[in-house]
Amino acid sequence: MKQFILLFCLIFNVSGLFSQIQRTQVENDLQFFKDPTCSKLKKSVKQDDLNRFQSPQLKSIAEQMLTGTFDPAYRITEYEAYASPKELARTIKLGNGFSRYENITGMYLEEGDNIILVGDTKGKEISLMIPYWMRKPAEGIEPTKDPNGWGLHCEQAPLKPGINIITIKRSGNAYINYFDDNARKAPKIKIHFVTGKVNGYFDVAKHTNEDWDRLLDNAVSPIMDARGKHVQVAYPVEYFNEFTRGKGVELMSNYDKMMNLQYTLMGLVKYKKVPKNRLLARVNFNYYMFRDGDGVAYLGNKGTMRMVAHPDVVIKGDPCWGFSHEVGHAMQMRPQITWGGMTEVSNNIFSLYTTTSLGNESRLKAQKNYVSARKNIIENPEKKSYLDGTDVFDRLVPFWQLHLYFSEKGKPDFYADVMELMRRTPDWGNGNESINNQFQFIRFCCDVTKTDLTDFFDKWGFFWVGNIKLNDYAAYDYTITQEMIDETKAYIASKKYKKPDIDITTVTEL
């Protein structure tokens, strides 16, 4: 054991010494460049000066610059800040759920020491991130029971202005972690990856399908990054080659189309509040499909990858529903339209809107939930609240009926306007008090449409009085009082709105 410890310390010290030598060499060679990121040589530097270089990496770069063969693409880039969860919560009441890997570098850093030069950060904190996209359970471990969890593991190291010698434990695609509470005013930060291989990444705003195929052909990483306007994906090159060859533009455009529909439903398009931040879809090797703090994850096998990497498939049926459902979890404002009992309901308002807008059949219609919801809630002789012991799809019916009815009445922005009111208004409580947001929602629905919806909400059990205990990823214990009901009904009555011209609880898709 003592011999092992001694050997480990020796290796560590030698590695540290090597890093210091590299740093000294780079410090010497900075004299030949115009700026600390070594993006351009000084005009006075000539071929003979190459003999004075100490860093072999910078010498190679300088030689390429002198001969006009140096390609700064991906290697030298100015990175901009993205809105932090705090800023997103302040501006659109959405916090976590967006990508943490926005600043794709297109660089593949190999295990060992890497030289990264960082320009003036103006005091901003940034870091290097190397996610382990291809992490798989150890041999013999059942994927769903992986002791290391299903989540994305990531190596992270702070970056400071000047010379950074970063020791990478595992080779991988590199990203710059740069988020700010006031992103629009945050400075751009120039970074030069002196070491590392160019993998590139696809940007639908800049690249063509020919560029896409070229990126796949030249990939040095098993993962290719692709960026749309609203969505970012990280899937294996293997499956992109099989399902997306010549179709990179179509794939990312379809992802953006689905995301734009979600933003439309919640009013971010109408009220010009669509964030620059993107949602992330990535590969995983533990489970078919799930969402966590790093985005939506899809199983890395041929069947699942076809569903999400083939542009014609991703917007149809289950693939379209799956993406819309998981992203809907990131879009559902909490607790205003996601009080306890609504976690798997309000996200599916987004799922239904996205899938049906793209020509897919309504799940509520296909599953006959209009019939079952009426039987289990409205016509139930022991009727309680719509929240009490009901299937989440039955629970979804009244929320979708509101959209159907008001869209037919020339108010397709019904939810857009309701959610904008939510963004402008403080919520009415969390935890066991989150039920109060149900009554805020009722008022907003009536105010936005100038319609007295008392009868509709009454039939669906929104005005049931009593105690409800339920589990919805957390335990809730609600007490709904007659006073809460009376206050809400009195508020609506005071507005003197007209009643609907039909019984909205009977509305279904044609």
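## Helix α9 and its neighbours

In this predicted model, helix α9 buries Ser346, Asn347, Asn348, Ile349, Phe350, Ser351, Leu352, Tyr353, Thr354 and Thr355. That makes α9 a mostly covered helix, with 10 of its 12 residues buried. The helix runs over residues 346–357 and reaches 17 Å from its first C-alpha to its last, close to the 16 Å expected at 1.5 Å a residue. Just past its end, α9 is followed by Gly359, which has a positive phi, near 90°.

So what do the buried residues of α9 pack against? Here are the partners, with their residue ranges:

| Helix packed against by the buried residues of α9 | Residues |
|---|---|
| α6 | 248–265 |
| α8 | 317–331 |
| α10 | 363–366 |
| α12 | 392–408 |
| α13 | 414–424 |

Two of these partners, α6 and α8, also meet each other. A quick word on how to describe that kind of meeting: for two packed helices, you give the angle between their axes and the distance between the axes. The axes of α6 and α8 come within 11 Å and cross at roughly 45°. Angles from 35 up to 65 degrees fall in the oblique class, so α6 and α8 are oblique to each other. Their crossing is right-handed.

Which residues are involved? On the α6 side you'll find Tyr255, Met258, Met259, Gln262 and Tyr263, and these meet Cys320, Phe323, Ser324, Val327, Gly328 and Met331 in α8. Sorted by type, the residues of this α6 and α8 contact come out as eight nonpolar, three polar and no charged.

Notes. Residues numbered from 1 in each chain as written. Predicted model: local features only at pLDDT ≥ 70, side-chain atom pairs only at ≥ 80, totals over all residues. Heavy atoms only, no water. Helix = DSSP H or I, 4+ residues; strand = E, 2+ residues; numbered from the N terminus. Expected span 1.5 Å × (residues − 1). Buried < 20%, exposed > 50% of the residue type's maximum accessible area, 1.4 Å probe, protein only. Contact = heavy atoms within 4.5 Å. Axes fitted to C-alpha atoms, helices over the stretch in contact; angles between N-to-C directions. Parallel < 35°, antiparallel > 145°, perpendicular 65-115°, else oblique. Left-handed = near helix turned anticlockwise from the far one by under 90°. Nonpolar A, V, L, I, M, F, W, Y, C, P; charged D, E, K, R; others polar.
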